[in-house]
Amino acid sequence: MFKKVPGTKDILPEQIHIWQEIEAKGRDIFTAYNYKEIRPPLLEDALLFNRSLGESAEIVQKQMFLVHSGSDVYALRPEATASIVRSYIENSLDKLSPFFKAYYIGPMFRLERPQKGRLRQFHHLGCEVIGSYDPRADVEVISLADSLLKAFSIDGYTIKLNSLGCAGDKLALTDFLRKELSGKAEALCEDCQARYSRNILRILDCKNPACQEIVHGLSISDNHLCDGCKNHFAKVKDGLNALAVKYELSSYLVRGLDYYTRTVFEFTHPDLGRQQDALGAGGRYDNLVSQLGGPDTGAIGFAFGMERLLLATTLKPEARNRKFTFLISLGEKARKEGLILLHNLRKAGISCDTDYEDKSLKGSMRKANDLGARFVLILGDNELEKNTVMLKDLVSGEQKEVPREQLLSELQDPVSRPGLETGS
Ligand code: HAM
């Protein structure tokens, strides 16, 4: 028997409601902020990610699913920011509108060691804004992410905020760390010893307590930021304060991808555990578009991990479809007539079904309940003769005989029918 690949999940029909609800709420909010959906391919030239995320990024070093085709090497996308920038440049989207706002929902792939909240195929719900250096874009994007979490009924999260500064400031911070940590490298964890030469900034947000103790002793502040970056960051904080978006400043927040400059942020949640407590994260990437061959332009975005949103949400989607109707046909003649009835209801957009198992009335009622039906229609010889159908509301328990020509309006508008609607 075949098994699913480790770190992947089947999202089964009985689990789909919550996914659809999060997606629907997400789309509504993105639309309110005037973001349009973009769907780039899942396969990209692997070099796109090497170039964007950086050769030393963990994702590029050890987490890419690579597909070899002749001399070409493709990657199953580990994230979407690089793909969207590629698409923005390749399709000259800056010519259509210099200010580009798009959201995306879809699977990402990273060859990780699977555990709670860490998968090899997972889903992002995120957005990118390309075409502005303005700090108000940072404020919009962070407050949009905050609105999404509220709409998803997620409480108790923290927004961690930092500014890495521009490329020059990042270099200054790198030099400072190299100097400060030079005698302490041996006390760092194995990963951080490798990071010391490869990607020293990442030592700052290592979760290992020994590394944290060393790093927190360095009293990192915003000294490495130039005046322009300090000013930008001050405006971001002001804007968030004006919108009453609460955040926590964290000088140790770095993020693992090379493309980040200036504002970076992360949404953490205690229910996710210490090792991977991020619901989502994002930041500015003001140099990426030009690095990949596009115009000089600022950009910012974020992505939530959908599986992690599901671990933290208290949303309880209503499994009982408010109008799902189950037809029970009793007897040979009614079965034939029932097919026509179902056909007409479906044409009118009523969600309905029957089974082909010729169960008893009791067995069929059980089946209707198992399927989460709201209404049951019973069609037997008696009803056929009178051209009626028995309509039972499984929520209120009420039952009444309805002339066939009235059935559609009863099912289409049950709320306004006295005696049928008691809420669910
Ligand atoms: P990221 O921090 O690598 O950022 O991923 C964003 C979120 O995806 C994480 O905070 C986490 O919730 C989720 N995630 C990451 N890896 C896994 C995994 N293996 N299993 C389950 N969930 C995971 C980015 O990808 C950037 N592209 C975000 C961004 C957009 N920055 C600017 N624009």
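**Notes on the ligand shell and helix α2**

1. Start with strand β10, which gives the shell around the ligand its largest share, six residues. (Strands are DSSP runs of E, at least two residues, and helices are runs of H or I, at least four, numbered from the N terminus.) This is a predicted model: local features need pLDDT of at least 70, side-chain atom pairs count only at pLDDT 80 or more, and totals for chains, interfaces and linings use all residues. Residues are numbered from 1 along each chain as its sequence is written, and side-chain values use heavy atoms, with hydrogens and water left out.

2. Which residues come nearest to the ligand? Of the 26 around it (near means a heavy atom within 4 Å), they are E79, E112, L119, R255 and Y260.

3. Now for polar contacts (N or O pairs within 3.5 Å). One ligand nitrogen is 2.8 Å from a polar backbone atom of L119, and a polar side-chain atom of E128 lies 2.9 Å from a ligand nitrogen. The protein covers 96% of the 660 Å² of accessible area that the ligand has on its own (Shrake-Rupley method, 1.4 Å probe).

4. Over to helix α2, residues 46-53: is it mostly covered or mostly open? Mostly covered, with six of its eight residues buried (under 20% relative accessible area, 1.4 Å probe, protein chains only). Those six are A46, L48, F49, N50, S52 and L53. Among the elements they pack against (contact: heavy atoms within 4.5 Å) are β3 and α4.

5. Check both ends of α2 too. At its start, a side-chain oxygen of D45 reaches to within 2.9 Å of the backbone nitrogen of L47. After α2 comes G54, with a positive phi near 100°.

How values were computed. Buried < 20%, exposed > 50% of the residue type's maximum accessible area, 1.4 Å probe, protein only. Polar contact = N/O pair within 3.5 Å; in protein donor to acceptor, adjacent residues only side chain to side chain.
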